Amino acid sequence: MPPSTDHIRSVTEAYLSRHPSERGALAQLFASLAGTDDPTSRKTFPAHVTCSAIVIDSDWRVLHIQHKASGKLLAPGGHTEAGDRDLLGAALRELHEETGIPPGAVVPLSGFEDVPLDIDVHAIDANPSKDEPAHHHVDFRWIFRLCTKQAVTLQEEEVDGYEWRPFAQAASPTVRSKLALLT
């Protein structure tokens, strides 16, 4: 069973208690939560939930992967699936699928066990081949510390490459600004 609307709302409210100025930016999420469609379904439009894993190594660098579909360097992540019990679990599953890093090789950064580092709303172009209109992803970005030396093994169907970047060069401006607060 995918993450429930109540779980998503609870996580969002905990996040907003830390970042109250971002409530307006999450209007599409609240609209999805108020609707009758599953907010985690990739077929819920105009916006649905996705989850990403912000992974930090022992040198305080952030893992980025290059997605084939967009060509962009992003944090590992994607859509929730029926077997995901919660948002954090969805981020861990996506991390493992895209990079081969198992859930046991990372731990949530202290203070972020139940609250994501960032929630971002970003536009996704229409994809006629998947019968998808232009829409938005509401991405719950969870932060983890790599606790064991772990090789990255890419999911070749979706991922072209990876790199570890210093905090100041994180691809997402909102993640970059929140990482700067950690040091």
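Trainee: How far apart are the mean positions of the positive and negative charges of the protein chain?
Mentor: They sit 4 Å apart, for 17 positive and 26 negative charges. Lys and Arg count as positive and Asp and Glu as negative, with His and the chain ends not counted. The place of a charge is NZ of Lys, CZ of Arg, CG of Asp or CD of Glu.

Trainee: Anything I should keep in mind about the model?
Mentor: It's a predicted model, so local features need pLDDT of at least 70 and side-chain atom pairs count only at pLDDT 80 or more, while totals for chains, interfaces and linings use all residues. Residues are numbered from 1 along each chain as its sequence is written, and side-chain values use heavy atoms, with hydrogens and water left out.

Trainee: OK, the fold. How many helices and strands are there?
Mentor: Four helices and eight strands. From the N terminus the order is α-α-β-β-β-β-α-β-β-β-β-α. These are DSSP runs numbered from the N terminus: helices are H or I with at least four residues, strands are E with at least two.

Trainee: And what radius of gyration does the protein chain have?
Mentor: It has 16 Å, which agrees with the value near 16 Å for a compact globule of 183 residues. That radius is taken over C-alpha atoms, and the globule rule is 2.2 Å times the number of residues to the power 0.38. The C-alpha atoms fill a box of roughly 45 × 40 × 30 Å along the principal axes.

Trainee: What share of the residues is buried?
Mentor: 45% of the 183. Buried means under 20% relative accessible area, exposed over 50%, and partly exposed in between, with a 1.4 Å probe and protein chains only.

Trainee: Zoom in on helix 3. Is it mostly covered or uncovered?
Mentor: Mostly covered, with ten of its 13 residues buried. Among the buried ones are Leu 87, Leu 92 and Leu 95, but also Arg 93, Glu 94 and Glu 98.

Trainee: What about the span of helix 3?
Mentor: The end C-alpha atoms of helix 3 (residues 87-99) are 18 Å apart, in agreement with the 18 Å expected at 1.5 Å a residue. The expected span is 1.5 Å times one less than the number of residues.

Trainee: Switching to backbone oddities. Which peptide bond is cis?
Mentor: The one from Phe 45 to Pro 46, with omega near 15°. Pro 46 is in the loop between helix 2 (27-34) and strand 1 (47-56). Most peptide bonds are trans, and most residues other than glycine have a negative phi.

Trainee: So where is a positive phi near 60° found?
Mentor: Trp 60 is one case, in the loop between strand 1 and strand 2 (61-67). Asp 131 also has phi near 60°, and its loop runs between strand 6 (118-124) and strand 7 (135-146).

Trainee: Why does Trp 60 count as partly exposed?
Mentor: Because its relative accessibility is 35%. Asp 131, at 64%, counts as exposed.

Trainee: Last stop, the N terminus. What is Pro 2 in contact with?
Mentor: Leaving aside neighbours within four places in sequence, Pro 2 is in contact with Asp 38, Thr 40, Glu 81, Ala 82 and Asp 84. Contact means heavy atoms within 4.5 Å. Pro 2 lies in the segment before helix 1 (5-18) and is partly exposed at 25% relative accessibility.
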